[in-house]
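Reader: I am a first-year student and would like a close look at a single part of this model, the helix that comes first in the numbering. Please describe that part and then work outward to what surrounds it.

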Amino acid sequence: MQLLHIDSSIQGDLSASRAITASVVDHIRAGKPELAVVRRDLVAEPLPHLTLDAMGGGDVLEEFLASQIVVIGAGMYNFTIPSQLKAWIDRILVAGKTFRYGAEGPEGLAGDKRVIVVLARGGAYGEGAPAAALEHAETYLKGVLAFIGIKAPEFVVAEGLAFGDEARHAAISGATDRARLAASDLLQAA
């Protein structure tokens with residue numbers, strides 16, 4: 001069994017999403033010591049923007065297809081995902097590999113994966129928040145994952161990180177607890 005660990009935050013050691021994904025992956029590893037983990041740091045080793053020559057996914061697609069569990073960490077920048085993560089997504093959305101078009105419309109082919117997405121947001125963009133209409137990271141990722149057949153990804157959000165040290169600590173701690181719970185549920189289902 002293989003787990004693919006994706007990080008896309010540009011904040012390095014200050015990144016909330018990186019800290020939470022590392023905790024989740026460690027928790028899953030503790031429950032499944034035989035698990036092979038493939039890590040892709042999209043900032044340390046960025047993928048170039050998509051070109052016609054790069055369509056088809058290559059190694060990035062093969063890593064994704066070979067993984068039964070995927071843990072994705074992302075900050076929300078300018079109301080959406082980091083461009084580094086978008087470059088990765090451009091390589092896993094491949095017709096005939098992760099989706100296909102049929103008479104009934106698009107059909108996802110990657111539905112056999114368990115996915116945990118950790119999102120970190122400086123402000124408050126959740127349902128009911130004044131800025132909720134500007135949130136395009138979680139909604140985009142839900143749409144993309146559903147398109148390729150992943151109907152029930154687990155989203156863990158650390159929000160309000162820019163509201164001071166106390167709020168940041170509480171948001172990261174709460175999100176880490178929720179992410180570990182999601183990982184525990186994933187382990188029980190596996």
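**Salt bridges and the first helix**

Author: Arg121, Glu135, Glu138, Lys142 and Glu159 are linked in a network of salt bridges. The model is a predicted one. In total, 12 salt bridges are counted in it. Side chains of opposite charge can pair when their charged atoms come close. One such pair starts in the helix you ask about, so that helix is described before the pair.

Helix H1 covers residues 16-31, which makes 16 residues. From its first C-alpha to its last it reaches 23 Å, close to the 22 Å expected at 1.5 Å a residue. The buried residues in H1 are Ala16, Ser17, Arg18, Ile20, Thr21, Ser23, Val24, Val25 and Ile28. Nonpolar names such as Ile20, Val24, Val25 and Ile28 are in that list, and so is Arg18.

What do the buried residues of H1 pack against? Their partners are strand E1 (2-7), strand E2, strand E3 (69-75), strand E6 (114-121), strand E7 (154-159) and helix H5 (165-189).

Ser23 serves as an example from within H1. Its relative accessible area is 12%, and because the limit for buried is under 20%, Ser23 counts as buried. Leaving aside residues up to four places away in sequence, Ser23 touches Thr176 and Arg180.

Arg18 is the member of H1 that takes part in the pair mentioned above. Arg18 forms a salt bridge with Asp41, and the closest N and O atoms of the two are 2.8 Å apart. Arg18 lies in helix H1 and Asp41 in strand E2, so the salt bridge ties together parts that are 23 residues apart in sequence. Are these two residues buried or exposed? Both are buried. For Asp41 the relative accessibility is 16%.

Asp41 has a second partner, Arg39, with the closest N and O atoms 3.9 Å apart. Arg39 has a relative accessible area of 46%, so it is partly exposed. Asp41 therefore pairs with a buried Arg18 and with a partly exposed Arg39.

A salt bridge can also sit within one helix, as helix H3 (83-92) shows. There Asp90 pairs with Lys86, the closest N and O atoms being 2.5 Å apart. The two are four residues apart in H3, so about one helical turn separates them. Asp90 is partly exposed at a relative accessible area of 22%, and Lys86 is partly exposed at 34%.

H3 is also a neighbour of helix H2, whose buried residues are Val60, Leu61, Glu63 and Phe64. Seen down the axis of H2, those buried residues fall within an arc of 160°, so they line one face of the helix. The buried residues of H2 pack against E1, E2, E3 and H3. E1, E2 and E3 appear among the partners of H1 as well.

The loop between strand E2 (36-41) and helix H2 (58-66) holds Met55. Met55 is exposed, with a relative accessible area of 55%. Together with Leu50 and Leu52, Met55 forms a nonpolar patch on the surface, and the accessible area of the three comes to about 330 Å². Met55 and Ala95 are 40 residues apart in sequence, while their C-alpha atoms are 10.0 Å apart in space.

Leu93 is found in the loop between H3 and strand E4 (99-102). It is partly exposed, with a relative accessible area of 26%. Not counting residues up to four places away in sequence, Leu93 touches Thr98, Phe99, Val144, Phe147 and Ile148. Leu93 and Phe79 are 14 residues apart in sequence and 22 Å apart in space, C-alpha to C-alpha.

Phe79 itself lies in the loop between E3 and H3. Its phi is positive, about 80°, although Phe79 is not a glycine. Asn78 is in the loop between E3 and H3 too, and its phi is near 50°, again a positive value in a residue other than glycine. As for exposure, Asn78 is exposed, with a relative accessible area of 71%, whereas Phe79 is partly exposed at 34%.

To return to your helix: the buried residues of H1 pack against five strands named above and helix H5, and Arg18 of H1 is tied to Asp41 of E2 by a salt bridge.

Technical notes. Residues are numbered from 1 along each chain as its sequence is written. This is a predicted model: local features need pLDDT of at least 70, side-chain atom pairs count only at pLDDT 80 or more; totals for chains, interfaces and linings use all residues. Side-chain values use heavy atoms; hydrogens and water are left out. Patches are made of residues with over 30% relative accessible area and no salt bridge: like charges are joined within 9 Å, nonpolar side chains (Val, Leu, Ile, Met, Phe, Trp, Tyr) within 5 Å. Accessible areas come from the Shrake-Rupley method with a 1.4 Å probe; for residues, only the protein chains shown count as cover. A salt bridge is a side-chain nitrogen of Lys or Arg within 4 Å of a carboxyl oxygen of Asp or Glu. Buried means under 20% relative accessible area, exposed over 50%, partly exposed in between (1.4 Å probe, protein chains only). The expected span of a helix is 1.5 Å times one less than its number of residues. Contact means heavy atoms within 4.5 Å. The arc is that of the directions from the helix axis to the C-beta atoms.
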